[in-house]
Amino acid sequence: MNLSPIYIQPNNFADYLSNQQEYCLFLDIDGTLANFTLNPKDSVIPSSTLVLLQKIQSHGVKIAAITGRSLIEAKQMLSPMTLPIAATHGLEIAFDDETDNDGITIDTTELSTIRQAIIDSCTPYNDFIIETKPYSVALHYRQNPTLADVADSIVSTVLDSHADWTVKVGKYVFEIVPKGINKGAAILSLLEKMQTNETSCAIFIGDDVTDEAGFVAIQEGNGAIENAFSPATGMGIKVGTEPTCAHYYVNDISEVTVLLQSFLTFCQTHATLAPDLAAVSPTTNKTARHLI
Ligand SMILES: O=P(O)(O)OC[C@H]1O[C@H](O[C@H]2O[C@H](CO)[C@@H](O)[C@H](O)[C@H]2O)[C@H](O)[C@@H](O)[C@@H]1O
């Protein structure tokens, strides 16, 4: 953990960027683009944020979403944008109309068994929300945070008889997913496809524990993720003040919006961003951290 990430003044984010650098922007959804709601079905990404992202895209910046949401839900939340999406924590990866699951075989019969066991165990409690996704099941306790230990115990007990499955712990949620997925591997896999040259700088903004693997992957390259290629040093930006591996942080979702607005201003100021990049030499590949 990096116990002293640097606070980014969100309206000055452009000062951290270089017009000699290509950027790929990776964005978490819940807690980063969408405010929290009691019921996951009520969450939305504000249309003003989607318009902002589309404007950034129009300047040649590659943007992808990296989320715990299922692919179908992520697409709905991001509509009408078209962009690569790594959903279900990297299990479902959609790029250029193709979807793959990172080679992981999902036993949907076993998932049904797990889901039913969770439903049965939750019968005595009114305040849980069980979110059913195509390849995972999430047990939410935001409506009654005192149920955290009960939720933990239910999930642990169910997992005892399903060795190929594990738990992702998020904000007021325990989520059972197949083993072997994480956002770091998903980002590196997408970055390899998205970047137009090997010196692209990945920026990842996320708020939750599950985003930490993403920060590590883009900041430390393939030392962190087995079998991944080695990207240029990236920039992890944590949303919130909890301990993080990210080098940078902003305070909350509203500051993410301001930061994105500053990114757009940077793009507008350097309107020919993409063509310039063909001339970038590896020696000019400084990270934003070095440019401050
Ligand atoms: O990776 P993310 O895009 O951050 O998705 C992580 C989980 O987000 C959702 O749960 C969270 O948001 C809910 C709606 O605001 C909230 O009720 C819950 O407490 C949060 O944990 C989503 O429901 C999950 O499927 C995602 O895995």
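Tutor: Let's start with burial: a residue is buried if 20 or more other C-beta atoms, placed from the backbone, lie within 10 Å of its own, exposed if 12 or fewer, and partly exposed in between. This is a predicted model, where local features need pLDDT of at least 70, side-chain atom pairs count only at pLDDT 80 or more, and totals for chains, interfaces and linings use all residues. Residues are numbered from 1 along each chain as its sequence is written.

Student: What percentage of the 292 residues in the protein chain is buried?

Tutor: By that cut-off, 46% of them.

Student: Why is H5 called largely enclosed by the rest of the structure?

Tutor: Ten of its twelve residues are buried, so the label fits H5. Among them are Lys-183, Gly-184, Ile-187 and Met-194.

Student: How do you know that the span of helix H5 (residues 183-194) agrees with what's expected?

Tutor: Helices are DSSP runs of H or I, at least four residues, numbered from the N terminus. The expected span is 1.5 Å times one less than the number of residues. For the twelve residues of H5 that gives 16 Å, and the end C-alpha atoms are 16 Å apart, so the two agree.

Student: What do the buried residues of H5 pack against?

Tutor: Strands (DSSP runs of E, at least two residues) including E2 (23-27) and E11 (201-206), plus helix H6 (212-220). Contact here puts C-beta atoms, placed from the backbone, within 7 Å.

Student: What makes Ile-29 and Asp-30 part of the group around the ligand?

Tutor: A residue counts as near if its C-beta atom, placed from the backbone, lies within 6 Å. Of the 23 residues around the ligand, Ile-29 and Asp-30 are among those that come nearest.

Notes
Contact = placed C-beta atoms within 7 Å.
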